[in-house]
Amino acid sequence: MGHLAMTQPTPHEDWHILGAGALGGLWAVRLSQLMPVYLLARNPTSPSRALHLQDQQGSQSRTLPVEPINAPGAPIRQLLVATKSYDALPALQAVSHRLLPNTAIYLMQNGLGSQEAVVRQYSRYPIYAVTTTEGANRRSPDEIIHAGRGQSWIGPLNERASLARANVTACRFREAGLESQATPDIRHRLWLKLAINCAINPFTAVLNCPNGELIHYAFFNERLPALCEEVAQAMSLAGYPTTATALQTQVQEVISGTAANISSMLQDIRAGRRTEIDAINGYLVQFSQAQGLQAPINEDLVQRVLALHP
Ligand code: KPL
């Protein structure tokens with residue numbers, strides 16, 4: 001009964017999506033099969049954009065309306081922020097004039113730190129985080145390859161947000177073909193993802209290799225145990241006790257499951273873009289230091305990645 005009630009269509013199910021990169025684009029195409037989806041862009045060159053999605057089942061194209069983020073417009077009721085971590089707050093600020101008191105904001109950033117910054121500034125709105133292991137990359141700005149199917153988690157980040165609403169959204173994502181589940185403790189999921197990203201992304205950037213090749217480098221193998229120790233200590237202090245050995249096993253599993261992947265950080269470096277190192281290893285270093293701990297391996301990786309792209 002409860003499940004049926006939750007899947008009833010609710011009014012105003014339109015989605016606005018800020019940041020239609022690989023993941024934002026994947027969500028945009030999938031959700032637009034079920035409900036109206038609007039893309040928000042900084043300086044759109046045309047009022048619509050044709051996105052092509054390719055996965056194992058075949059390919060699919062959708063032409064979606066694009067609205068300039070700082071122009072006046074109809075109210076936004078559900079907003080998926082799929083920007084880079086460093087852009088989440090500025091992008092949200094640019095559309096804030098279109099938010100209603102009940103607008104649900106879904107944050108889909110890598111790393112940690114950007115979510116709390118949004119929660120602090122937008123505490124009057126229901127705010128959720130979404131974390132995903134869906135694998136998507138872009139062949140060109142409008143061509144998205146859904147390279148590997150994964151799992152997404154959605155959970156409330158503040159008291160205005162609810163697990164019931166997260167459940168409805170997870171249900172919608174599933175109907176759109178994106179395997180999703182709601183969780184009451186999304187911060188734990190975000191920390192687990194952070195741990196994996198701390199242990200893979202900067203190494204792939206420094207060594208300029210796909211995830212699966214890391215295990216052939218002494219640079220990686222010599223540092224991984226100590227890095228996992230630093231992350232495990234931080235996670236335990238954050239309220240999510242774990243061990244370096246447990247993290248190392250998870251890292252090895254993700255490496256073999258995503259062996260051919262070019263990590264998001266290496267993609268950024270190769271494209272000459274700013275990386276998310278501040279929200280990943282940088283966050284870990286800052287969090288550890290605030291707790292009176294040092295995280296020298298993470299700190300060294302931050303410096304090495306910043307040397308590749310400041
Ligand atoms: O999340 C990832 C990323 O590239 O950012 C991993 C898990 C490392 C997969 O490539």
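In this predicted model, the face of helix H8 turned away from its buried side carries Thr 245, Glu 253, Ser 256 and Gly 257, which are exposed. The opposite category comprises Ala 244, Leu 247, Val 251 and Ile 255, which are buried in H8. Viewed down the helix axis, the buried residues of H8 fall within an arc of 75°, so they line one face. An α-helix has 3.6 residues a turn, so residues three or four places apart point the same way. The buried residues of H8 pack against two helices, H6 (186-207) and H7 (218-237). H8 itself runs over residues 244-257 and has 14 residues. Its first and last C-alpha atoms lie 20 Å apart, close to the 20 Å expected at 1.5 Å a residue.

The model also holds an open sheet of eleven strands. The strand order is E8-E9-E3-E4-E2-E1-E5-E6-E7-E10-E11, and the pairing is mixed. Strands E8 (135-140) and E11 (180-182) form the edges, each pairing on one side only. Direction ignored, neighbouring strands of this sheet are turned by 30° against each other on average.

At one edge, E8 pairs with E9 (residues 143-148) in the antiparallel sense, over five bridges. Gly 135 stands opposite Gly 148 in E9. Helix H2 (residues 22-31) packs on the sheet. H2 touches E8 and E9, as well as E1 (15-18), E2 (37-41), E3 (48-55), E4 (58-68), E5 (76-81), E7 (127-132) and E10 (152-156). The direction of H2 makes about 95° with that of E3.

Notes
Residues are numbered from 1 along each chain as its sequence is written. This is a predicted model: local features need pLDDT of at least 70, side-chain atom pairs count only at pLDDT 80 or more; totals for chains, interfaces and linings use all residues. Side-chain values use heavy atoms; hydrogens and water are left out. Helices (H or I, at least four residues) and strands (E, at least two) are DSSP runs, numbered from the N terminus. The expected span of a helix is 1.5 Å times one less than its number of residues. Buried means under 20% relative accessible area, exposed over 50%, partly exposed in between (1.4 Å probe, protein chains only). The arc is that of the directions from the helix axis to the C-beta atoms. Contact means heavy atoms within 4.5 Å. Two strands pair if DSSP finds at least two bridges between them. Axes are lines fitted to C-alpha atoms, for helices over the stretch in contact, and angles run from 0 to 180 degrees between N-to-C directions.
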